[in-house]
Amino acid sequence: MKILMVCLGNICRSPLAEGIMKTKLPENFFVDSAGTISMHEGKHPDKRAIKTASNHHIDISNQKSRPITKADFETFDKIYCMDVDVYGDVISKTRNEDQRRKVSLFLEAAGNQKNAEVPDPYWGDLNDFEDVFQLLDKGCDAIKNQILS
Ligand code: 4NP
């Protein structure tokens with residue numbers, strides 16, 4: 001199974017989600033991440049995201065930001081979006097019902113309330129990144145349990 005984590009810039013939330021999920025799933029799962037904007041394309045994750053992951057013994061420093069592509073909707077089985085705006089943008093790029101069915105809001109899929117969002121830590125500080133890490137870690141556990149059950 002192939003899983004894609006998506007946020008706006010692909011430098012804060014989705015790189016963390018990718019890194020965390022990779023530690024939870026067996027090696028035959030493929031986990032990647034992307035953004036809905038190409039502004040940071042080719043850049044490594046935000047230093048604060050790298051530091052936060054590293055505090056939890058996860059290395060995301062080699063990841064590179066990329067925008068989501070049309071091909072992703074064929075390649076991936078599940079596409080998890082970090083917030084409602086991202087979800088709307090991703091849905092607007094789908095071309096059929098099969099593709100739409102693959103897309104969900106990350107925290108909703110993890111069992112949180114409808115429209116629950118992973119807050120954008122970009123304008124915040126390291127504490128905000130740690131809060132996001134904790135939210136993603138719990139969410140990834142819930143999604144992993146669903147996928148593996
Ligand atoms: P991300 O965070 O979507 O979690 O990667 C952001 C990264 C960059 C910007 C906004 C959010 N930006 O405005 O450049």
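Of the contacts in the chain between residues with a separation of 6 or more, 72% are accounted for by residues 24 or more positions apart. The model described here is a predicted one. Its chain has seven helices and four strands. In sequence order these elements follow the pattern β-α-β-α-α-β-α-α-β-α-α.

The overall dimensions come next. Along its principal axes, the C-alpha trace spans about 40 × 35 × 30 Å. A compact globule of 149 residues would have a radius of gyration near 15 Å, and the chain, with 14 Å, agrees with this. Buried residues make up 47% of the 149 residues. The accessible surface comes to about 7,700 Å², and carbon and sulfur atoms hold 48% of that surface. The chain carries 20 positive and 23 negative charges, and the mean positions of the two sets are 4 Å apart.

The strands can be followed through their pairings. Strand 1, residues 2-7, runs parallel to strand 2 and is joined to it by six bridges. In this pairing Lys 2 stands opposite Phe 30 of strand 2. Strand 1 also runs parallel to strand 3, residues 78-81, with four bridges between them. Here Val 6 of the chain stands opposite Cys 81 in strand 3. Strand 3 in turn pairs with strand 4, residues 103-105, in the parallel sense over three bridges. Ile 79 stands opposite Val 103 of strand 4. Strand 1 thus has strand 2 as one partner and strand 3 as another, while strand 3 is also paired with strand 4. How far is strand 1 enclosed by the rest of the structure? Five of its six residues are buried, so strand 1 is largely enclosed. In a regular strand, side chains alternate between the two faces of the sheet.

After strand 1 comes a loop that leads to helix 1, residues 13-24, and Asn 10 has its place in this loop. The phi angle of Asn 10 is near 55°, a positive value in a residue other than glycine. Most residues other than glycine have a negative phi. Is Asn 10 buried or exposed? Asn 10 counts as buried because its relative accessibility is 2%, below the 20% cut-off for that class.

A second positive phi is found at His 57, where the angle is near 60° and the residue is again other than glycine. His 57 lies in the loop between helix 2, residues 47-55, and helix 3, residues 72-75. With a relative accessible area of 76%, His 57 is exposed, since the cut-off for that class is over 50%. The two loop residues therefore fall into opposite classes: Asn 10 is buried, whereas His 57 is exposed.

Pro 45 belongs to another loop, the one between strand 2, residues 30-35, and helix 2. Its relative accessibility is 5%, so Pro 45 counts as buried. Pro 45 and Asn 10 are 35 residues apart in sequence, and their C-alpha atoms are 7.3 Å apart in space. Which residues does Pro 45 contact, leaving aside its neighbours within four places in sequence? They are Ile 11, Pro 15, Ile 50, Ile 60, Ser 61 and Gln 63.

Two buried helix residues complete the picture. Thr 52 is found in helix 2, and with a relative accessible area of 1% it is buried. Apart from neighbours within four places in sequence, Thr 52 is in contact with Leu 126, Phe 129, Glu 130 and Phe 133.

Met 21 is found in helix 1. At 0% relative accessibility, Met 21 counts as buried. Beyond its neighbours within four places in sequence, Met 21 is in contact with Met 5, Val 31, Cys 140, Ile 143 and Lys 144. Met 5 belongs to strand 1, given as residues 2-7, and Val 31 to strand 2, given as residues 30-35. For another pair, Met 21 and Tyr 87, the C-alpha atoms are separated by 19 Å, and the residues are 66 apart along the chain.

Note on methods
Residues are numbered from 1 along each chain as its sequence is written. This is a predicted model: local features need pLDDT of at least 70, side-chain atom pairs count only at pLDDT 80 or more; totals for chains, interfaces and linings use all residues. Side-chain values use heavy atoms; hydrogens and water are left out. Helices (H or I, at least four residues) and strands (E, at least two) are DSSP runs, numbered from the N terminus. The radius of gyration is taken over C-alpha atoms; the globule rule is 2.2 Å times the number of residues to the power 0.38. Buried means under 20% relative accessible area, exposed over 50%, partly exposed in between (1.4 Å probe, protein chains only). Contact means heavy atoms within 4.5 Å. Accessible areas come from the Shrake-Rupley method with a 1.4 Å probe; for residues, only the protein chains shown count as cover. Lys and Arg count as positive and Asp and Glu as negative; His and the chain ends are not counted. The place of a charge is taken as NZ of Lys, CZ of Arg, CG of Asp or CD of Glu. Two strands pair if DSSP finds at least two bridges between them.
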